Amino acid sequence: MNILLIGAQGSGKGTQAELLAERLHLKSLASGDLLRDAIAHGTPLGQQARPYVERGDLVPDDLVLGLILDATRQLDDEHGIILDGFPRNIPQAQSLDARLEALGQPIAAAVYLDVPREQLLDRLSGRYICRLHGHVWNLKTKPPRVAGVCDLDGSELYQRSDDQPEKIARRLDIFFSETIRLLDYYEAQGKLLRVDGIGEIARVNESIVVGIDGIFAVKGLSAPVAPRTESMQYTAG
Ligand code: ADP
């Protein structure tokens, strides 16, 4: 089963992707993480992508596509993927559909995490990422137990260089003018699930899994959802 998460910067995509990956036994693939990794390692693709990421612009489709399609090679029958940050426009969505359909593993559901723009700016100013695995924390909504240290792997937390106000505004503009069109695209396929992204992390997660169950029920498939575990008892701060 393959799932997409669509959401603006700061909507909680990364956090929900982690929870869903654990709960549904999916492999989480975040295009931003793959790009930051390529940039950090100075690969040819990373060098080409760097100026776009630094400006807060979308990286050209052919570069991102190569990266994602490579990663989907790790797909197997048992474990699907949860895609976070890809696709971000219609051509990317069409290429992804073509690729996954050729593999016989199409997207099952596209989840839109709906958060109004005013709230996003506020959330992003508190966002911190861990150096080792990119776990996302937020001083306002999901603070780490010890300031500046990742609860999950103990590595240092930092603020991304593209989380400065003017770069955030640029990325939000692109999201609300371009990426938002994916909602119509997936709605036409009967795969769109709109979830209210405001409120406690655990409650948002619950809405997503219930919604995914619903999509599966409509298609006459058995529900993929595992029961909730203790490690998912996050609450908003
Ligand atoms: P955010 O969602 O906050 O922008 P990400 O970590 O998802 O953060 O992405 C960081 C940057 O990587 C984006 O601003 C963009 O430059 C690039 N990027 C990520 N995914 C894509 C994509 N699907 N297409 C084009 N560029 C992308």
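In the predicted model, the ligand is surrounded by 18 residues, of which Ser31, Arg36, Asp57, Arg88 and Arg171 come nearest. By residue class, this shell comprises seven charged, six nonpolar and five polar members. With four residues, helix α2, which spans residues 31-40, gives the most to the shell.

Polar contacts to the ligand involve the side chains of several residues, among them Arg88, Ser31 and Gln9. For Arg88, a side-chain N or O atom is placed 2.5 Å from an oxygen atom of the ligand. Ser31, one of the residues that come nearest to the ligand, has a side-chain N or O atom at 2.7 Å from a ligand nitrogen atom. In the case of Gln9, the corresponding separation, again between a side-chain N or O atom and an oxygen atom of the ligand, is 3.2 Å. The ligand taken alone exposes 540 Å², and 96% of that area is buried by the protein.

With respect to the chain as a whole, the secondary structure consists of nine helices and eight strands. The chain contains 237 residues, and 47% of them are buried. Its accessible surface amounts to about 11,300 Å², with carbon and sulfur atoms accounting for 52%. When contacts between residues at least 6 apart in sequence are considered, 71% join residues at least 24 apart.

Methods:
Residues are numbered from 1 along each chain as its sequence is written. This is a predicted model: local features need pLDDT of at least 70, side-chain atom pairs count only at pLDDT 80 or more; totals for chains, interfaces and linings use all residues. Side-chain values use heavy atoms; hydrogens and water are left out. A residue is near a molecule or strand if one of its heavy atoms lies within 4 Å of it. A polar contact is a pair of N or O atoms within 3.5 Å; within protein, one must be able to donate a hydrogen and the other to accept it, and residues adjacent in sequence count only if both atoms are side-chain atoms. Accessible areas come from the Shrake-Rupley method with a 1.4 Å probe; for residues, only the protein chains shown count as cover. Helices (H or I, at least four residues) and strands (E, at least two) are DSSP runs, numbered from the N terminus. Ala, Val, Leu, Ile, Met, Phe, Trp, Tyr, Cys and Pro count as nonpolar, Asp, Glu, Lys and Arg as charged, and the others, Gly among them, as polar. Buried means under 20% relative accessible area, exposed over 50%, partly exposed in between (1.4 Å probe, protein chains only). Contact means heavy atoms within 4.5 Å.
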